[in-house]
Amino acid sequence: MTAIDYDLEFIEYRTGWFRKRYTIELISIALVSDDGRTYYAVNRDMPVRRIRRHKWLMDNVVPHLPKGHGDQRIHMPKRWLFHYADERVKPQTQIAREVAAFIQTTDDPALWANYGAYDHVRLCWLWGLMPDLPPGVPMFTNDIQQEARRLGLRWDELPQQESGEHNALADARHNQTVRRWLAEQEARTS
Ligand SMILES: [Mg+2]
């Protein structure tokens, strides 16, 4: 079993007639595999105008998005939430292909996330509906919260994230740290 810790930043919102429908759209995604590989991408198709009206996302998520390198950073138009020419910014169709390949090339993959129910649903929506899940992609995500609960640990007893919270890559790396720490706790007590 090879664990893949992942995290998505996303926007959830009401839509449709009378705003009675709900959807989740991808902002960024990161996967960190125990075999040493890492993947990070930002969705260039994210609903920029909607995100701009979402104060929490503007304050907590948008500051971590790629602003380009060197001259790109200096010349980035102020109205852009991220730099479109940054190599980590990709169309969602490309992200879907690359994430599937990342998981499929992992030996016996197990998905892990923190409070991961929304992450799992949005991950699967990269590829369409439930029957469209690519072969080799696990049909569930293990949850760090469930593992902590099983071991009788409270959230504030777990290792705390030092920086980069709500940066998908920093969050995925922290998830890996916490998951490994939980495994050590279990090994120590059993
Ligand atoms: Mg996050």
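**Notebook: Gln 145, Glu 98 and the whole chain**

I looked up the accessibility of Gln 145 and recorded 17% relative accessibility; because buried means under 20%, Gln 145 counts as buried. The model I am working from is predicted.

I then located Gln 145 in helix H6, which covers residues 144–150. Setting aside neighbours within four places in sequence, I listed the contacts of Gln 145 as Asn 114, Tyr 115 and Trp 155.

I turned next to Glu 98, which I found in helix H4, residues 92–104. Its relative accessible area is 24%, so I entered Glu 98 as partly exposed. Not counting residues up to four places away in sequence, Glu 98 touches Tyr 39 and Lys 90. For Glu 98 and Tyr 39 I noted a separation of 59 residues in sequence and a C-alpha to C-alpha distance of 8.7 Å.

For the whole chain, I counted 7 helices and 6 strands. Read from the N terminus, I have their order as β-β-β-α-α-α-β-α-β-α-β-α-α.

I compared the radius of gyration of the protein chain, 17 Å, with the value near 16 Å for a compact globule of 190 residues, and the two agree. I recorded the span of the C-alpha trace along its principal axes as about 55 × 40 × 35 Å. Buried residues make up 45% of the chain. Among contacts with a separation of 6 or more, I found that 67% join residues 24 or more positions apart.

Lastly, I noted an accessible surface of about 11200 Å², with 52% belonging to carbon and sulfur atoms. I entered 26 positive and 26 negative side chains, the centres of the two sets lying 10 Å apart.

Notes: Residues numbered from 1 in each chain as written. Predicted model: local features only at pLDDT ≥ 70, side-chain atom pairs only at ≥ 80, totals over all residues. Heavy atoms only, no water. Helix = DSSP H or I, 4+ residues; strand = E, 2+ residues; numbered from the N terminus. Buried < 20%, exposed > 50% of the residue type's maximum accessible area, 1.4 Å probe, protein only. Contact = heavy atoms within 4.5 Å. Rg over C-alpha atoms; globule rule 2.2 N^0.38 Å. Areas by Shrake-Rupley, 256 points an atom, 1.4 Å probe, with all protein chains shown as cover. Lys, Arg positive; Asp, Glu negative; His and termini not counted. Charge placed at Lys NZ, Arg CZ, Asp CG, Glu CD.
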